[in-house]
Amino acid sequence: MVDIPSHVPPELVADVDIYDIQSIDPDIHVAWKKLQDNSASLIYSPRNGGHWIPMRAHVIERVLSDNKAFISGGAWVPPNPPGALPLIPIQSDGDLHRAYRSLIMPYVIGKPLKSAIDSARKLAVELIEGFQGRGHCDFATDFAQHLPIQIFLDIVELPAGDRIFLSELAEVVRMPDPEVRMEAYGKMNAYIAEHVDRRIANPGDDMISRIANGQVLGRPMTRDEIIGECAQVLVGGLDTVASMMGFIAAHLAVNVPLRQRLCAEPELIEKRVDEIIRRFGVAGPARQAAMDVELDGIQVKAGDPVFVATALHGLDDQRWTNSMVVDLDRSATGTDFQTFGSGPHRCPGAALARSEIILFLEEWLKRIPDFSLVPEKPMVAASGSVTGVLSLPLQWTV
Ligand code: HEM
């Protein structure tokens with residue numbers, strides 16, 4: 001734990017470990033909600049190098065949208081060691097950030113999105129039909145983790161045989177120790193570098209080829225930038241989607257009327273998917289104050305790190321009536337909630353992720369409309385810069 005900086009009022013200090021939120025409650029969203037209900041709108045944790053946590057929707061919106069006062073370059077909780085390769089575009093700002101993003105966007109919308117979703121849908125059906133007759137599965141490892149990896153492999157044109165290796169790499173987002181995290185990134189970067197070199201020599205139409213041969217601000221991307229950007233697309237898209245599917249499946253397993261309504265009115269899946277996504281934020285991006293700034297009346301000093309638990313936005317009763325309830329008659333839209341962030345870093349994969357959640361619900365509920373948790377094998381979830389569902393045993397009658 002760090003010493004509390006002198007500008008932090010003692011009443012705002014809370015001993016919160018973002019890598020162990022489940023110590024407050026095993027249900028991570030309930031844990032964040034309990035903390036929110038008992039906290040000021042901004043708190044300071046002395047853990048993980050010391051950082052602020054905005055607790056309320058309006059403070060989260062300010063931090064994510066004010067990219068002059070809160071920058072992304074170099075920001076992480078706890079901070080990466082000096083000299084670490086930045087993740088791109090998430091740890092960059094300004095014109096360079098915009099240039100980096102433009103290399104990704106063509107692959108996560110339109111035709112490439114549709115073709116990736118078609119192939120993921122095929123895999124989803126195969127997986128579900130593979131275990132449907134068994135009456136049980138581990139939703140996380142038998143199903144959810146496979147879909148985003150398939151999509152990533154399609155977009156970057158990497159071999160399907162790398163799936164298991166890639167799912168292990170995704171754990172990097174929950175490693176609090178900067179040295180251990182850097183070692184994991186080292187492995188990932190070595191894997192990516194090998195493919196980058198091949199695509200530089202032999203470019204195709206895939207995303208890695210485009211990034212590897214891309215130009216930013218009138219110059220070619222450096223090798224470090226290429227690797228940092230491919231790594232970000234990898235970690236950005238794998239664990240986030242799989243975890244959100246896990247939280248949704250666990251919720252549906254115990255909320256029978258909600259599940260029955262989605263089965264009876266399947267058109268609500270697409271119509272209300274944003275309300276479902278609103279309730280299950282998983283990402284925790286970081287920022288650093290670029291200047292002394294007043295945040296909701298509280299003094300934040302230049303250099304202070306900020307951890308933004310996006311889940312807290314969707315859980316805030318001051319913003320959403322009965323925030324814990326997935327209300328299929330409420331129409332949250334992508335600009336109301338912050339599960340995908342907002343401002344210049346808003347998730348470029350949001351449309352893709354949204355389509356993945358829709359296809360999961362459509363294909364799963366059609367085949368396994370009734371399912372429940374396994375009482376003796378509870379869900380295993382972990383918190384960090386992405387909240388993950390590591391294991392979710394489910395059962396149904398066959
Ligand atoms: C349910 C799934 C997902 C959630 C909840 C999610 C959430 C987020 C959030 C909150 C941010 C903003 C970070 C910030 O403000 O610093 C972000 C950025 C990002 N996401 Fe996602 N994401 C998801 C899926 C995906 C997918 C499928 C991809 C793959 C293309 C992806 C790639 C990225 C990238 C590259 C960034 C960095 C954007 C930038 O810095 O400009 N994400 N995501």
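**Pockets, ligand and a few backbone details**

Colleague: How do the residues lining the second largest pocket divide by class?
Modeller: That lining has 6 nonpolar, 5 polar and 3 charged residues. Keep in mind that this is a predicted model.

Colleague: And how much space lies in the second largest pocket?
Modeller: About 180 Å³. The pocket is lined by 14 residues, and those closest to its centre are Q145, S167, A170, E171 and D239.

Colleague: Which elements give two or more residues to the lining there?
Modeller: Two elements do, α10 and β13 (388-391). Of the elements, α10 gives the most, with 4 residues.

Colleague: OK, now the largest pocket. What is its volume?
Modeller: The volume is about 350 Å³. There are 19 lining residues, and P26, D27, A250, L373 and M379 are the ones closest to the centre.

Colleague: Which element gives the most to the lining of the largest pocket?
Modeller: α10 again, with 4 residues. Both α10 and β12 (380-382) supply at least two residues each.

Colleague: What is the split between nonpolar, polar and charged in the lining of the largest pocket?
Modeller: It is 13 nonpolar, 3 polar and 3 charged.

Colleague: Switching to the ligand. Where does the ligand sit?
Modeller: The ligand is in the largest cavity. Around the ligand, α3 (94-104) and α10 (223-254) are the elements that give two or more residues to the shell. The largest share of that shell comes from α10, at 6 residues.

Colleague: How many residues surround the ligand, and which are closest?
Modeller: The ligand has 25 residues around it, and the closest are H97, R101, R287, H345 and C347. By class, the shell has 14 nonpolar, 9 polar and 2 charged residues.

Colleague: What does the protein offer to the iron atom of the ligand?
Modeller: A single donor, the SG atom of C347, at 2.3 Å from the iron.

Colleague: Where in the chain is C347 found?
Modeller: C347 is in the loop between α14 (311-315) and α15 (350-367).

Colleague: Then the oxygen atoms of the ligand. How far is one from an N or O atom in the side chain of H97?
Modeller: For H97, the distance from a ligand oxygen to a side-chain N or O atom is 2.6 Å. The side chain of H345 also has an N or O atom 2.6 Å from an oxygen of the ligand. For R287, the corresponding distance is 2.7 Å.

Colleague: Back to the cavity that holds the ligand. What volume does the largest cavity have?
Modeller: About 900 Å³. It is lined by 49 residues; Q232, G236, G237, T240 and C347 are closest to the centre. The elements that supply two or more lining residues are α3, α6 (146-156), α10, β7 (286-289) and α15.

Colleague: Which of those has the largest share of the lining of the largest cavity?
Modeller: α10, with 8 residues. The C347 that is among the residues closest to the cavity centre is also the donor to the iron.

Colleague: How does the lining of the largest cavity look by class?
Modeller: It has 30 nonpolar, 15 polar and 4 charged residues.

Colleague: How many cavities of 30 Å³ or more does the structure hold?
Modeller: The structure holds 4. The second largest has a volume of about 60 Å³.

Colleague: Which residues line the second largest cavity?
Modeller: Among them are W32, F307, S383 and T387, along with the run G281, V282, A283 and G284. The lining divides into 6 nonpolar and 6 polar residues, with no charged ones.

Colleague: Last topic, the backbone. Is the peptide bond from V77 to P78 cis or trans?
Modeller: That bond is cis, with omega near -10°. P78 is in the loop between β3 (70-71) and α3.

Colleague: What about the bond that joins I88 and P89?
Modeller: That peptide bond is cis, with omega about 10°. P89 lies in the loop between β3 and α3.

Colleague: And L217, is its phi positive or negative?
Modeller: L217 has a positive phi, about 50°, although it is not a glycine. L217 sits in the loop between β5 (215-216) and β6 (219-220).

Technical notes
Residues numbered from 1 in each chain as written. Predicted model: local features only at pLDDT ≥ 70, side-chain atom pairs only at ≥ 80, totals over all residues. Heavy atoms only, no water. Donors = N, O, S within 2.8 Å, 3.2 Å for Na, K, Ca; no water. Near = heavy atom within 4 Å. Polar contact = N/O pair within 3.5 Å; in protein donor to acceptor, adjacent residues only side chain to side chain. 1 Å grid on protein atoms, 1.4 Å probe; cavity = no way out; pocket = protein on both sides within 12 Å on 5 of 7 lines; lining within 4 Å. Sits in = over half its atoms within 2 Å of the grid points. Nonpolar A, V, L, I, M, F, W, Y, C, P; charged D, E, K, R; others polar. Points joined across faces, edges and corners; volume = space filled by probe spheres on them.
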